[in-house]
Amino acid sequence: MEGGGGIPLETLTEESQSRHVLPASFEANSLQKSNWGFLLTGLVSGTLVAVYTVATPFITPALRKVCLPFVPATTKQIENVVKMLRCRRGSLVDIGSGDGRIVIAAAKEGFTAVGYELNPWLVWYSRYRAWREGVHGSAKFYISDLWKMLQLEKKLELELDDDARVIACRFPFPHWTPDHVTGEGIDTVWAYDASTFRGREKRPTSMHFQPPIQA
């Protein structure tokens, strides 16, 4: 059969169908782009989850009313702490131990050292460093929230023995007068003897500190 213009209807039908049928290569390209889109979305989502998981322990402390950011101890600061510990033996507790540098250094000096830190990633890394440095037997690390403790000065006054020494790095205690100060700037270290901030004479007893609840 022919149409009004003398063109066979079969030809018109074939031409009409050819206009609506997409090439196979075009469909394949569209499918490939769609697959890449899903893959890219998955990668971005996974990356965001990973970043959130890693960053949350670091960001959360900054949202507190009182923020003490993690700043790694310098080599000089560690030397100053060790200097304040000379001629002393016993236990050492580092509150806010960060990546464990001071605790590990104290363990190497013969102390039984314990670090308490809020950030779990830093605690796990500290444990790894202690194992790598060969002092994991005398350097222990626990996850603990400093801000769940009583006011720190009061807690130390109540629970430390008179021959204990408290060492503060970068941030001195507001109500105590230090017995010794060494270093300058960010490497400054303050030493406070318990017998001094209690106003008592020293008595020969072993150092003891009641730690916060371990996590």
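Helices (H or I, at least four residues) and strands (E, at least two) are DSSP runs, numbered from the N terminus. With that settled, here are my notes.

1. **What you're looking at.** This is a predicted model, so keep the ground rules in mind: local features need pLDDT of at least 70, side-chain atom pairs count only at pLDDT 80 or more, and totals for chains, interfaces and linings use all residues. Residues are numbered from 1 along each chain as its sequence is written, and side-chain values use heavy atoms, with hydrogens and water left out.

2. **The overall layout.** The chain has seven helices and six strands. Reading from the N terminus, the elements go α-α-α-β-α-β-α-β-α-β-β-β-α. Of the 215 residues in the chain, 32% are buried. Here "buried" means under 20% relative accessible area, "exposed" means over 50%, and "partly exposed" is in between (1.4 Å probe, protein chains only).

3. **The parallel sheet.** One open sheet has three strands in the order β1-β2-β3, with parallel pairing. Its edge strands are β1 (91-95) and β3 (139-143), each pairing on one side only. On average, neighbouring strands of this sheet are turned by 15° against each other, direction ignored; the axes behind that angle are lines fitted to C-alpha atoms, for helices over the stretch in contact, and angles run from 0 to 180 degrees between N-to-C directions. Strand β2 (residues 112-117) pairs with β3 over five bridges, and two strands count as paired if DSSP finds at least two bridges between them. If you want one bridge to look up, V114 has K140 in β3 as its partner.

4. **Helix α5.** This helix covers residues 120-133, which makes 14 residues, and spans 20 Å from its first C-alpha to its last, close to the 20 Å expected at 1.5 Å a residue. (The expected span is 1.5 Å times one less than the number of residues.) Which residues of α5 are buried? They are L122, V123, S126, R129 and A130. These residues cover an arc of only 125° around the axis, so they sit on the same side of α5; the arc is that of the directions from the helix axis to the C-beta atoms. It helps to remember that an α-helix has 3.6 residues a turn, so residues three or four places apart point the same way.

5. **Both ends of α5.** At the start of α5, a side-chain oxygen of N119 comes to within 2.9 Å of the backbone nitrogen of W121. Just after α5, G134 has a positive phi of about 80°.

6. **The antiparallel sheet.** Another open sheet has three strands in the order β4-β6-β5, and here the pairing is antiparallel. β4 (165-169) and β5 (180-182) stand at the edges with a single partner strand each, so one side of each has no neighbour in the sheet. β4 and β6 pair over five bridges, while β5 and β6 (residues 189-193) pair over three bridges. To trace the pairing yourself, find I167 opposite A191, V181 opposite W190, and T182 with its bridge partner V189.

7. **Strand β6.** Is β6 mostly covered or mostly open? It is mostly covered, with five of its five residues buried. In a regular strand the side chains alternate between the two faces of the sheet. On one side of β6 you'll find V189, A191 and D193, and on the other W190 and Y192, all buried.

8. **The β5-β6 hairpin and its loop.** This hairpin has six residues between the strands, and G183 there takes a positive phi near 85°. I186 is also in the loop between β5 and β6, and at 53% relative accessibility I186 counts as exposed. The C-alpha atoms of I186 and R170 are separated by 5.5 Å, though the two residues are 16 apart along the chain.

9. **Two phi values to check.** Most residues other than glycine have a negative phi, and most peptide bonds are trans. R170, in the loop between β4 and β5, has a positive phi of about 70° although it is not a glycine. C87, in the loop between α3 (75-84) and β1, has a positive phi near 65°.

10. **Cysteines.** How many disulfides does the structure hold? Zero, where a disulfide is a pair of cysteine sulfur atoms within 2.5 Å. C87 is exposed, with a relative accessible area of 83%, whereas C169 is partly exposed at 22%.

Conventions:
Expected span 1.5 Å × (residues − 1). Polar contact = N/O pair within 3.5 Å; in protein donor to acceptor, adjacent residues only side chain to side chain.
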